[in-house]
Amino acid sequence: QIEIINNRAKREKAIEKAAANKKTEIQYVGIPRNVIMTKSNTVFDFSYKNLLLKKLRTTLHGLYQTENISLAIASVYELSKRDGFSVDKDTVRQVLGSLDIPGRFQIQSFREKTIIIDGAHNVQKMEAFISSLIQIFPGTQFDFLLAFKNGKDIRGMLKIITPVARKMYITEFAIYDQGLVLKPATSQDIIDVLESEGFKNYTIIKNANEALKSALTSSHTNIVITGSMYLVSELYDKI
């Protein structure tokens, strides 16, 4: 707890210094309250200055999404005071109820499997994703279909993933974008980390589509696709 407080103090000090350089004001938004996350939606209370919205409901998953939404509403509130319009609470609720962000903690059924798709591609995003995954699916082990972009902190992300992983399907993504060169981490790069961490239950299938087919034939019902937005984009239409 002390470490968290110290880190927060350092971040706030850095933000305050940047704001002073820009000669601008800072408004801090409190964390959402009474958050309830389920497989179908997320409900939470929002409060900022004199704007209170209880039991906001969104189809987006993840505690971090409630924080993102709170920041967005607070920004609109500040704009409303500056530009002279009112924040319509019914409109806010309607918009939140219809939000859809492809590839960000999507939960869906496919061929009698529960598939969770998230493009987390660094340690911070993976930590946020997995912590919310555990809250929504407590006590559950998952099969992971993984690929990472070359140069990413593979070890840091795998340390977060392995405690909730039953099996891993290690693959690579393919990029075809007007000559853009984006190299995935090699399967061997990932395996070297897994072996050093003592995780043995993995399968290597370099073709992402074939890896998906293999995961779908498993008897396990919960599959997570993560590690790279490029992997998610390659497999998204197949699901």
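Six nonpolar, four polar and four charged residues make up the lining of the largest pocket in this predicted model. That lining comes to 14 residues in total, and those lying nearest the pocket centre are Arg 8, Arg 11, Val 29, Ile 31 and Glu 67. As for where the wall comes from, helix 1 (2-22) and helix 2 (63-83) are the elements that give two or more residues to the lining of the largest pocket. The space inside amounts to about 700 Å³.

Next down the list is the second largest pocket, with a volume of about 330 Å³. Helix 2 turns up again here: together with helix 4 (123-136), helix 2 is an element giving two or more residues to this lining. Helix 4 provides the largest share, six residues. Spelled out, the lining of the second largest pocket consists of Leu 63, Tyr 64, Glu 67, Asn 68, Arg 104, Gln 124, Lys 125, Glu 127, Ala 128, Ser 131 and Ser 132. Sorted by class, that gives three nonpolar, four polar and four charged residues. Glu 67 is worth a second look, as this residue is listed in the lining of the second largest pocket and is also one of the residues nearest the centre of the largest pocket.

On to helix packing. Helix 5 (residues 154-161) packs against helix 6 (residues 187-196) at an angle of about 50°, and their axes are 10 Å apart. Because of that angle, helix 5 counts as oblique to helix 6. The crossing of this pair is right-handed. On the helix 5 side, the contact is made by Ile 154, Arg 155 and Leu 158, while helix 6 brings in Asp 189, Ile 190, Val 193, Leu 194 and Ser 196. By class, the contact of helix 5 with helix 6 has five nonpolar residues, one polar and two charged.

A second packed pair sits further along the chain, made up of helix 7 (residues 208-217) and helix 8 (residues 229-236). Here the angle is about 75°, with the axes 10 Å apart. Angles of 65 to 115 degrees count as roughly perpendicular, so helix 7 and helix 8 are roughly perpendicular to each other. Ala 208, Asn 209 and Leu 212 of helix 7 make the contact with Leu 231, Glu 234 and Leu 235 of helix 8. Four of these contact residues are nonpolar, one is polar and one is charged.

Methods
Residues are numbered from 1 along each chain as its sequence is written. This is a predicted model: local features need pLDDT of at least 70, side-chain atom pairs count only at pLDDT 80 or more; totals for chains, interfaces and linings use all residues. Side-chain values use heavy atoms; hydrogens and water are left out. On a 1 Å grid over the protein atoms alone, a cavity is a set of points where a 1.4 Å probe fits but cannot get out, and a pocket is an open set with protein on both sides within 12 Å along at least five of seven lines; lining residues have an atom within 4 Å of a point. Grid points are joined across faces, edges and corners, and a volume is the space filled by probe spheres set on the points. Helices (H or I, at least four residues) and strands (E, at least two) are DSSP runs, numbered from the N terminus. Ala, Val, Leu, Ile, Met, Phe, Trp, Tyr, Cys and Pro count as nonpolar, Asp, Glu, Lys and Arg as charged, and the others, Gly among them, as polar. Axes are lines fitted to C-alpha atoms, for helices over the stretch in contact, and angles run from 0 to 180 degrees between N-to-C directions. Angles under 35 degrees count as roughly parallel, over 145 as roughly antiparallel, 65 to 115 as roughly perpendicular and the rest as oblique. A crossing is left-handed if the near helix is turned anticlockwise from the far one by less than a right angle, and right-handed if clockwise. Contact means heavy atoms within 4.5 Å.
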